[in-house]
Amino acid sequence: MELVRKIHADTRFTAEALVVACFTTVESEHSWVQDCLSLGWPNVCVVEIESKVCNVESDAQTICWLRTVQDTLLFPIAQIYRLKAHWAGCSEVFEHPLSGELSRTLVKRNVLIGRLPQHIRDSEAEMRFYKYRMLFLVGVTFRMGAMSRSEQGAVAMYTYLTYIFKSDIFEPRFVGLIDAQPRHIQTILDTINKNASQLVYSDMRAITSNAALQSSLKHICLDMHNMNDSRFSLPFCSAHFPKLGSLVINHSPDFKSDNSNIMSLGVLFSLPWYHLVELQLPFISDAYVTTLKDKCPNLQFLYVLPEPRYERWPAYAQAFTPCGLCALASQWQRLRHLSVSYAFRNVIQEQSQSYGLMSPSRLSFSGGRPSSVMERPESLSLQLNSHVIKHRPTLKQQQNHLQKSQNEDGEVQGIPGPMSLDSFTVFPKNRNMRVLRMPYLQIPFSVGLALLKDIPQLQILEFAPVLKHIEPKPPSITSTLRRRVSASLSPQFNAPFADSDVVYHLKSTKHPLKDMILHGACTTRFISTSWIEVMNSLVELASITFIAVSPDDIAAADRVAAFCARNGARFGIEIDNRSRRHQTCLDFASSWGKMGDLLWKK
């Protein structure tokens with residue numbers, strides 16, 4: 001407590017938010033929270049307490065905390081009191097507006113309380129449970145694995161989920177399902193259909209239509225162990241959550257289960273998501289790129305973020321190519337943020353089917369996966385890990401193409417990885433995008449700078465630059481003079497960094513780029529005054545980060561940083577050492593490829 005008093009003395013008149021965490025059920029710890037609140041925080045507007053507590057609505061400590069925060073002498077300008085309660089595999093978030101303003105729909109939802117089954121209305125404890133959550137619940141997260149430990153607990157939690165999803169009594173903005181599998185989501189839908197509580201669903205709705213689930217939800221987060229198994233895949237679509245604005249799907253594979261099925265998103269995009277503005281997926285494919293354009297027309301934030309070390313996981317066996325990435329960057333004019341930390345891959349389809357979208361005709365969602373065979377391109381020149389695409393094919397040509405991956409010595413590399421394009425453009429121009437992250441795309445450095453013309457408001461750019469070596473034409477002079485001329489040529493002559501017109505345009509328009517992150521670029525070829533001049537044309541540029549994956553990379557980046565510091569660079573050089581992360585990702589993908597049945601055609 002002495003440390004708390006010291007912090008209070010230092011920040012009492014400057015702190016605008018107070019966050020207190022107490023993850024124990026010991027009474028002395030709870031009293032410590034009370035002592036912290038009782039010190040008084042005159043400039044705090046938001047108070048947040050996180051604690052392990054059950055029965056929040058009747059717990060003496062939580063009631064005492066609320067009354068303390070409501071004391072205007074201790075918190076004269078506080079606006080919101082937020083309580084995060086953890087109990088029995090469930091985490092709830094409650095918000096108490098201290099200004100006296102409650103939800104506008106509260107009156108309508110209060111009527112629904114009176115329509116609960118008689119056995120609930122006869123229980124004072126249960127009515128207190130429902131009324132408190134009707135007033136203050138804004139978010140809830142369930143750990144699906146913990147729910148299945150006891151039959152009684154599972155029934156209670158699934159019943160709670162039924163009230164959340166199929167009634168308008170509560171008005172949560174956020175629901176999360178952790179450690180989930182498709183069968184858990186199917187069980188939720190089955191529980192709603194069985195209706196063991198004998199609810200009259202039409203009487204429990206004040207806002208939402210009878211066909212949909214909870215319309216107040218703005219954000220859903222699913223942390224999946226399996227994307228699909230032998231019986232189920234993702235069994236919900238926009239018909240269930242018509243007003244959803246943000247959907248996050250994480251994938252933490254469960255190796256105890258069968259992972260032989262090709263990853264699928266089930267019926268998720270069988271119908272349009274008109275209100276969805278933010279989407280995060282663990283994987284992507286060229287086929288899904290086209291689908292997203294049609295089914296998510298108003299998308300503004302798109303993240304393709306596998307779990308760390310799964311970026312090159314071969315089990316995500318669906319074709320994804322640079323043209324698919326280019327389409328992602330171009331097909332939404334209102335897109336503000338695009339992050340694709342996902343390796344490119346092509347898989348052969350001779351011994352397995354490729355799975356397209358599932359039919360939306362059955363909203364019970366327990367059916368199988370229809371197959372669709374894509375066209376094979378007539379001609380295509382792709383190489384993984386040697387990073388060459390000689391001719392830029394169309395997106396349709398690249399889907400499900402068979403490819404060979406080789407290094408410089410001709411050794412087959414059976415894991416997904418970076419790919420190269422000679423050109424990359426965003427057309428039409430996107431004037432809304434602020435962040436573009438594509439660490440597995442290799443493009444010439446000059447193309448990366450030219451891309452800024454297509455995205456005039458971009459502030460963060462991440463890619464893997466390639467410096468092409470261009471040999472100068474031999475002069476028509478004697479061999480002696482030729483040697484003298486060659487010796488006088490600067491190394492930067494063979495490292496074109498940008499077209500002069502592009503540099504002039506970026507400087508004259510004062511392009512707002514602030515940060516650039518470069519992968520696979522730790523080379524002394526950036527030790528060049530012409531490169532510094534090019535980058536100085538970006539007047540807002542604050543830093544360039546080199547991603548290092550080896551001691552040699554770190555040494556080269558250090559030399560570049562020292563050179564820039566000595567030669568008038570107006571930007572800083574930062575080095576991000578990802579050696580361990582990079583090697584872990586490669587080792588994991590390689591070992592999985594040896595055990596798995598993913599085939600790469602030679």
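Two strands pair if DSSP finds at least two bridges between them, and this rule is useful for reading the predicted model shown above. By that rule strand β7 (residues 219-224) pairs with β8, since 6 bridges join the two strands, which run parallel. The points below begin with β8 and its partners, then turn to a pair of helices, a buried helix, a buried cysteine and some details of the backbone.

**Strand β8 and its partners**

- Strand β8 (residues 246-251) is largely enclosed by the rest of the structure, because 6 of its 6 residues are buried.
- Burial affects both faces of β8, with S246, V248 and N250 buried on one side and L247, I249 and H251 buried on the other.
- On the β7 side, the residue that stands opposite V248 of β8 is C221.
- Strand β9 (residues 278-281) is joined to β8 by 3 bridges, and these two strands also run parallel.
- V248 has a bridge partner in β9 as well, namely Q280, so that V248 can be used to trace the step from β7 through β8 to β9.

**Helices α10 and α11**

- Two packed helices are described by the angle between their axes and the distance between the axes.
- For helix α10 (residues 286-295) and helix α11 (residues 322-330), the axes come within 9 Å and cross at roughly 15°.
- Because angles under 35 degrees count as roughly parallel, α10 is described as roughly parallel to α11.
- The crossing in which α10 passes α11 is left-handed.
- On the α10 side the contact is made by D286, V289 and L292, while α11 contributes G324, A327 and L328.
- Sorted by class, the residues in this contact of α10 with α11 are 4 nonpolar, 1 polar and 1 charged.

**Helix α13**

- Helix α13 (residues 445-454) has 7 of its 10 residues buried, and it is therefore largely enclosed by the rest of the structure.
- The buried residues of α13 are F445, V447, G448, L449, L451, L452 and D454.
- These buried residues pack against strands β15, β16 (460-466) and β17 (515-519), and also against helices α15 (500-508) and α16 (529-536).

**The surroundings of C585**

- C585 lies in helix α18 (residues 579-595), and it counts as buried because its relative accessible area of 6% falls under 20%.
- Although C585 and P308 are 277 residues apart along the chain, their C-alpha atoms are separated by 7.7 Å.
- When its neighbours within four places in sequence are left aside, C585 is in contact with R309, E311, R312 and Y440.

**Backbone details**

- R309, one of the residues in contact with C585, is found in the loop between β10 (301-304) and α11.
- The phi angle of R309 is near 80°, which is a positive value in a residue other than glycine.
- R309 counts as partly exposed, because its relative accessibility is 34%.
- D179 also has a positive phi, of about 55°, although it is not a glycine, and its place is in strand β6 (residues 174-180).
- With a relative accessibility of 24%, D179 likewise counts as partly exposed.
- The peptide bond from F427 to P428 is cis, with omega near -5°, and P428 has its place in the loop between β14 (419-420) and β15 (435-444).

Methods: Residues numbered from 1 in each chain as written. Predicted model: local features only at pLDDT ≥ 70, side-chain atom pairs only at ≥ 80, totals over all residues. Heavy atoms only, no water. Axes fitted to C-alpha atoms, helices over the stretch in contact; angles between N-to-C directions. Helix = DSSP H or I, 4+ residues; strand = E, 2+ residues; numbered from the N terminus. Parallel < 35°, antiparallel > 145°, perpendicular 65-115°, else oblique. Left-handed = near helix turned anticlockwise from the far one by under 90°. Contact = heavy atoms within 4.5 Å. Nonpolar A, V, L, I, M, F, W, Y, C, P; charged D, E, K, R; others polar. Buried < 20%, exposed > 50% of the residue type's maximum accessible area, 1.4 Å probe, protein only.
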